[in-house]
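Have your viewer open and your selection tool ready. We will go from stop to stop, picking residues and looking at what surrounds them.

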Amino acid sequence: MNDSRPAVLTGLFILFLVLYVRTQCNEVYVADSGELTATAYVLGVPHPTGYPLYSILARSFQLFIPLGNLASRTALLSVLSGVLTVVLIYIVVTRLFNMPSGLAASLVYGLSTTFWSQTTIQEIYAIHIFLLMWQLDLAFRISAEFTRKRWFLFLFVTGLAVSNHLLSILALPALVGLLYRRLIFRELTAIEIIRGIPFLLMGWSVQMMLPLRSVVDCPMRWVPVHSFNRLVYHITGRQFQPIMFGTPWNELKINFFHFCSFFEGQWGHWFLALVFLGWILGLIRRFRLTVVLLFYFIFPVLFAVNYRIVDIEVYYLQSYLAAAIGFGILFFFSGRLFGAKPRHLLTASALSVTLVVLFLGLLVRNYAACDRSDHRIGYEFGIDVFNSLPLDAILVTQGWSSPFVLSYLEYALHYRPDVKIVIDYKGLHFIRAVKESWDIPLYTTVPMEIPGLEDRSHIPEGLAYRFETEWRPVSDREVDWDCMRLSKTDWTGQILDLHGRALAAKYHYMHGEWLYRKGLQAEALKELLTAENIGRGNNMVLSNLSAIYFRMDNHLEAERLARKSIALNGRFYQAHHNLGNALMKQGKYVQAIREFQLGKDQMIAMGRTHQALGYSYLRSGETEKAIEEFQQALRYSPGSIEIRVNLSSALLEKDRLLEADIILEQLVLDMPERADVLNNLGVLWMKRSDFDRALEYFREAASRDPQCRDAWINMAVLLAERGDFDQAERIFENLEAAGSESIRFLNNYALLFHKTRRYFRAIEYWRKSLIIQPVQPSLIESLRCIERYEEALAPFLNGAIPKVKKPGDVSMP
């Protein structure tokens, strides 16, 4: 052991302490940082798996560190954990090999982008890696010399590690490999294992903080966990199990290539080759040790490539640690090549120069990407939202970064305590219950539907808008929307990570949508383009932009961005849903159904996906499937007017008039002025052959909402049935002039031409319909029964889709 080790240890500690403190986030960071800081402040229950050890330690730092604000004091826990991890890597690798190899391993890991970035924010992963490294150190010591004290301490640290994060389980196979030698020598007997169980439970017992804090009136509580079943459900992260494993082979390959790109991002591609070379040398000279490191490397990779979450990179931290130690092995054998004596001057000089160059190179390469010292975007986002709210408002919010930041401001900093935050909005029942019980201003930062206007209008995410208690026309209501003012929108100069880019992009696309609603389309598109550029490679940003373009009726742009999001993550259900919406609005129902099915397969229990699938099936003529999907959607949103309207439409298509009548009777009581409800009542009476009453309902629906094209089409069809072809044709001409190109419009307009013996025009419109939607079984069967169209439409009836020709090009039989 080198005599300079204490001095090196001190220098390493001071160097990384200064570096991490200099780059730490001095305000609350985005993603989980706001929630973890706030739950530590109140000792609450954060999201699964609970992280009680982090909460206890973070609260201690908040109380006893006299410097900085609350967020910076909390971040110091990550800083200190990171520094201790670097020092521990040096101690372990130096004991196994020599001091230069220990320095090399600690430097490359301490300066890696993922680990460095986690040591500067309010997160659990720095302390997670510190506990893993402590476990590894104790396992190496026990493997060399078994003592009962080390064994009991190892089990206690293992209990702490598992209570902090379940990822610690992935280190156990490698640790068992290290301890296997003591099992063979019968030093780890069954008696010793049984004696150590209390120490394991002692470390794990910090989990008991969760049920203890759950039974008190704690403001930050993800879910109540005071019962045994709820506690187990929470600390095992069972709600995330549906997105673990089950990944198809082609996507596994994509995820593995993503891991390779993450690995390259730590140190560069040159490092990958050096690590593998170090492992090869280790297998030759230190076989058992290197096999243990390979287990340590492989298990997190196998798990992470099967886990479908956005910020998966932190799950590779254990693998990066094994890679850094592998680089230390290479450094050890490289030093042996310089000379037989480790203290040789030439060897020492060469290794010293290499270490200095290594440190400076990684410092320059990764400093900007890991510097969080000026990162205030999450904090300023929350301040902007709160400043846009009146006194005693209720703020309904959902998502990842924004609600956690808002919770931190309210519960930890006591900023705007008059505002009540409701996180994880799931339906309109809460909204209606509040409005019926109290006259309280109700605002939201979530894209959601306005009560009574579910099918008409959505609130853009991030904007604080007030809910209206009574229905008003869309044009009148939009004038009164009060958009929050954004004080910070220029974040393009900062180098941000995944979450930072997402929130910075949110500023721009929120502002862009607000400008669009103001009629400033050029400025709006500029903001949306800026958001896309900032959110590069972030499929959440791209998916949200797709949804915004969809609300702006730019369906082609919505489709482009949704496809771009899917290219980054093929199993991102929200992007599939957005793509399905864009395709559905373009009349591409078969493609839309495929996307909705993919979204449903990845995220079961999504009422809106069942609803969208039902609408697509209804428009493509698969009415039985549409009814099934609408009924599934009603299980999640039993009070949804739009779903009930669509279900009644599907039931009418299948002539299930009694079921449709029951639904429509209730809809008339709930929303007597809705045009689509009146239209469906007209269809009901038309199927009952009461044409006068049906026509009355169609006319009332069209007068209530002139944009209700189904009512106009039904009116024209009914007039044609009664022989009033001129008035029916005028309605179709007006719809065509307004840009109507739906399948239903084209087919019924063609049918009108057929009835008036204008066969060329009928063929023209049926061709247009079949080009938009080739699979229309009922239409194709009807056309086959009309002998005169068989030759003119033969390519369509056989499944081909030729280009549309002018009516004059069609030869009649």
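Start by selecting proline 198, which counts as partly exposed because its relative accessibility is 47%, in between the 20% limit for buried and the 50% limit for exposed. This is a predicted model, so treat every value on the tour as computed from it. Proline 198 sits in helix 10, which covers residues 190–204. Now add leucine 155 to the selection and draw a C-alpha to C-alpha distance: the two residues are 8.8 Å apart in space, with their positions 43 residues apart in sequence.

Next, go to helix 8, residues 148–164, and pick asparagine 164. Is asparagine 164 buried or exposed? Its relative accessible area is 0%, so asparagine 164 is buried. To see what is around it, show the side chains of Tyr51, Leu53, Tyr54, Ile124, Ile127, His128 and Leu131; asparagine 164 is in contact with each of these, leaving aside neighbours within four places in sequence.

Our next stop is helix 4; select residues 70–96. This helix has 27 residues and spans 40 Å from its first C-alpha to its last, close to the 39 Å expected at 1.5 Å a residue. Colour helix 4 by accessibility and you will find 22 of its 27 residues buried, so the helix is largely enclosed by the rest of the structure. Then zoom in on its start, where a side-chain oxygen of asparagine 69 comes to within 3.3 Å of the backbone nitrogen of alanine 71.

Now step back along the chain to helix 2, residues 33–42, where nine of the ten residues are buried. Among them are Ser33, Glu35, Leu36 and Val42.

Stay there and move on to the loop between helix 2 and helix 3, where leucine 43 lies. What is the phi of leucine 43, just after helix 2? Phi is positive here, at about 50 degrees, although leucine 43 is not a glycine. Most residues other than glycine have a negative phi, and most peptide bonds are trans. With a relative accessibility of 26%, leucine 43 counts as partly exposed.

The loop has another backbone feature to look at. Select proline 48 and threonine 49, and you will see a cis peptide bond joining them, with omega at about 15 degrees. Threonine 49 is placed in the loop between helix 2 and helix 3, the latter running over 52–64.

For a further positive phi, jump to arginine 757, where the angle is about 65 degrees although the residue is not a glycine. Arginine 757 is in the loop between helix 36 (743–755) and helix 37 (759–772). Its relative accessible area is 64%, so arginine 757 is exposed.

Now pick out two cysteines. Cysteine 260 is partly exposed, with a relative accessibility of 28%, whereas cysteine 708 is buried at 11%. How many disulfides does a search of the whole structure find? The search finds zero.

Finally, zoom out to the whole protein chain. Its secondary structure comes to 39 helices and four strands. The chain has 813 residues, and 55% of them count as buried. About 35800 Å² of the chain is exposed, with carbon and sulfur atoms supplying 59% of that area. Of the contacts between residues at least 6 apart in sequence, 67% join residues at least 24 apart.

Technical notes: Residues are numbered from 1 along each chain as its sequence is written. This is a predicted model: local features need pLDDT of at least 70, side-chain atom pairs count only at pLDDT 80 or more; totals for chains, interfaces and linings use all residues. Side-chain values use heavy atoms; hydrogens and water are left out. A disulfide is a pair of cysteine sulfur atoms within 2.5 Å. Buried means under 20% relative accessible area, exposed over 50%, partly exposed in between (1.4 Å probe, protein chains only). Helices (H or I, at least four residues) and strands (E, at least two) are DSSP runs, numbered from the N terminus. Contact means heavy atoms within 4.5 Å. Accessible areas come from the Shrake-Rupley method with a 1.4 Å probe; for residues, only the protein chains shown count as cover. The expected span of a helix is 1.5 Å times one less than its number of residues. A polar contact is a pair of N or O atoms within 3.5 Å; within protein, one must be able to donate a hydrogen and the other to accept it, and residues adjacent in sequence count only if both atoms are side-chain atoms.
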